[in-house]
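The exercises below each set a task and then work through a solution step by step. Please keep the sequence and the coordinates at hand while reading.

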Amino acid sequence: MKINCIDKEILGLLQSGFYKIPRFQRPYSWDKDNIEEFWNDSIVESSKDYFIGSFVVFKTTNNIFGIVDGQQRLTTVTVILCCIRDIFLEEGHKHLAEGVNNLIEKTDLKNDKQFILQTESSYPYFQEYIQKFGDPEIQIELRDEEKNLKDAYDLIYKKVKTQIKVYNSDKQLTDEQKKEKKQ
């Protein structure tokens with residue numbers, strides 16, 4: 001077995017392949033406190049070189065990696081990106097929403113659209129209600145994992161919307177400055 005250590009920013013990680021959460025991994029279990037801590041550490045108080053932690057993966061096939069460690073963080077990063085994408089769309093920035101969506105979903109070598117983060121345990125909820133660019137097309141009964149994912153999305157969405165309201169109400173900013181800060 002060959003073990004490599006590669007230093008990447010999250011953007012590089014998301015662009016370098018597809019990630020599968022194997023069934024043997026525990027379900028998404030982060031609660032409000034976990035998300036608040038992650039949000040504060042990685043978004044609010046982060047420096048440019050914030051260390052998000054290690055991800056341990058194994059290669060399953062070309063460009064597909066199974067996640068051994070880091071799935072809670074990578075899932076939360078994906079939820080953050082989905083919230084940002086959805087809010088860009090609501091704010092009338094479709095082009096920016098589509099750009100962010102490229103970090104959530106991209107084409108594989110067969111030119112088929114695939115989600116960068118793939119999971120079996122919360123399928124199809126995570127894909128249909130969070131990752132999908134557009135409205136869900138199926139009804140799903142929520143289990144504990146799906147409730148945690150929904151709660152994470154709702155909390156992060158609220159945090160992003162709150163920050164947008166702060167920028168919109170700042171009377172010292174011009175409309176152009178408000179637009180820049182929101183983006």
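## Exercise 1: two tyrosines in one helix

Tyrosine 125, at 6% relative accessibility, counts as buried, where buried means under 20% relative accessible area, exposed over 50% and partly exposed in between, with a 1.4 Å probe and protein chains only. The model is predicted, so that local features need pLDDT of at least 70 and side-chain atom pairs count only at pLDDT 80 or more, while totals for chains, interfaces and linings use all residues. Residues are numbered from 1 along each chain as its sequence is written, and side-chain values use heavy atoms, with hydrogens and water left out.

Task: describe how the rings of tyrosine 125 and tyrosine 129 are arranged.

Solution. Begin with the positions: both tyrosine 125 and tyrosine 129 lie in helix H5, 4 residues apart, about one turn of the helix; helices (H or I, at least four residues) and strands (E, at least two) are DSSP runs, numbered from the N terminus. An α-helix has 3.6 residues a turn, so residues three or four places apart point the same way. Next take the exposure of the partner, since tyrosine 129 counts as partly exposed at 28% relative accessibility. Then apply the ring criterion, by which rings of Phe, Tyr and Trp (its six-membered ring) pair if their centres lie within 6.5 Å, with planes under 30 degrees apart counted as stacked, over 60 as edge-to-face and the rest as tilted. A search of the whole structure finds 4 aromatic pairs. Among them, tyrosine 125 and tyrosine 129 form a stacked pair, at 5.0 Å centre to centre and with 10° between the planes.

## Exercise 2: a pair in helix H6

Task: classify the pair formed by tyrosine 153 and tyrosine 157 from its ring geometry.

Solution. The ring centres of tyrosine 153 and tyrosine 157 are 5.9 Å apart and their planes stand at 25°, so the pair is stacked. These two tyrosines are 4 residues apart in helix H6, and are therefore separated by about one helical turn. As to exposure, tyrosine 153 counts as buried at 15% relative accessibility, whereas tyrosine 157 is partly exposed, with a relative accessible area of 22%.

## Exercise 3: the surroundings of leucine 149

Task: decide whether leucine 149 is buried or exposed, and list what leucine 149 is in contact with beyond its neighbours within four places in sequence.

Solution. First, leucine 149 belongs to helix H6 and is buried, having a relative accessible area of 1%. Second, with the neighbours within four places in sequence left aside, its contacts (heavy atoms within 4.5 Å) are Tyr28, Thr75, Ser122, Tyr125, Phe126 and Ile130. Third, leucine 149 and valine 79, although 70 residues apart in sequence, are 8.1 Å apart in space, C-alpha to C-alpha.

## Exercise 4: backbone details in the loops

Task: find where the cis peptide bond occurs, and which loops hold asparagine 63 and asparagine 111.

Solution. The cis peptide bond joins tyrosine 123 and proline 124, with omega about 5°, and proline 124 lies in the loop between strand E6 (117–119) and H5. Asparagine 63, in the loop between strand E2 (56–61) and strand E3 (64–69), has a positive phi near 65° in a residue other than glycine, and counts as partly exposed at 35% relative accessibility. Asparagine 111 lies in the loop between E4 and strand E5 (113–115); its phi is likewise positive, near 65°, and asparagine 111 is exposed, with a relative accessible area of 58%.
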